[in-house]
Amino acid sequence: MRNRYIESFNKAQIGERKVPQFKAGDTLRLGIKIQEGDKSRIQHFEGVCIAIRGNGVDRTFTTRKMGANNIGVEKTFPLYSESLDSIEVLRIGRVRRAKLYYLRTRRGKAARIKELRK
């Protein structure tokens with residue numbers, strides 16, 4: 001049983017945020033708010049979700065993409081972060097693991113994830 005103060009804090013943090021349903025293996029496009037001086041802009045980060053952990057306000061997810069010169073870039077985001085403007089699910093992957101850390105050692109075709117067909 002949770003403390004009622006913690007529960008009210010969680011509700012205040014989450015608020016009316018709508019987050020799409022996704023899991024490890026899905027390809028996401030994230031709109032990240034970047035603050036540069038007094039100006040702000042939205043930068044998109046597109047990659048595969050390799051892990052989701054935590055629950056409630058503490059829920060985080062890790063995405064991975066291949067950057068320039070085949071260097072892997074991983075970013076971990078809190079799900080209810082103020083810096084996340086949008087989360088868009090581009091592809092639904094068919095995987096059999098909850099954590100896809102093995103993708104760190106794979107390159108090219110070996111790192112492909114099958115797409116779930118409806």
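Q: Which residue does Arg41 form a salt bridge with?
A: In this predicted model, Arg41 forms a salt bridge with Glu36, and the closest N and O atoms are 3.2 Å apart; a salt bridge here is a side-chain nitrogen of Lys or Arg within 4 Å of a carboxyl oxygen of Asp or Glu.

Q: What should I know about how the values were made?
A: Because this is a predicted model, local features need pLDDT of at least 70 and side-chain atom pairs count only at pLDDT 80 or more, while totals for chains, interfaces and linings use all residues. Residues are numbered from 1 along each chain as its sequence is written, and side-chain values use heavy atoms, with hydrogens and water left out.

Q: What is the average pLDDT of the chain?
A: The chain averages a pLDDT of 91, and 97% of the residues score at least 70, where pLDDT is the predictor's confidence in each residue, from 0 to 100.

Q: Back to salt bridges, how many does the structure hold?
A: The structure holds 7 salt bridges. One of them pairs Arg29 with Glu88, with the closest N and O atoms 3.7 Å apart. Arg29 lies in strand β1 (residues 27–36) and Glu88 in strand β5 (residues 84–91), so this pair ties together parts that are 59 residues apart in sequence; strands (E, at least two residues) are DSSP runs, numbered from the N terminus.

Q: Arg29, is that buried or exposed?
A: Neither, as Arg29 counts as partly exposed at 28% relative accessibility, given that buried means under 20% relative accessible area, exposed over 50%, and partly exposed in between (1.4 Å probe, protein chains only).

Q: New topic: how many aromatic pairs are there?
A: The count comes to 3 aromatic pairs, a pair being rings of Phe, Tyr and Trp (its six-membered ring) with centres within 6.5 Å, where planes under 30 degrees apart count as stacked, over 60 as edge-to-face and the rest as tilted. Phe45 and Phe77 form an edge-to-face pair, 6.4 Å centre to centre with 65° between the planes. Both Phe45 and Phe77 are buried.

Q: And why is the pair of Phe61 and Phe77 called tilted?
A: The ring centres of Phe61 and Phe77 are 5.8 Å apart and their planes are at 35°, so the pair is tilted.

Q: Last one, what joins the side chains of Thr62 and Thr76?
A: A polar contact of 3.1 Å joins the two side chains, meaning a pair of N or O atoms within 3.5 Å; within protein, one must be able to donate a hydrogen and the other to accept it, and residues adjacent in sequence count only if both atoms are side-chain atoms.

Notes. Helices (H or I, at least four residues) and strands (E, at least two) are DSSP runs, numbered from the N terminus.
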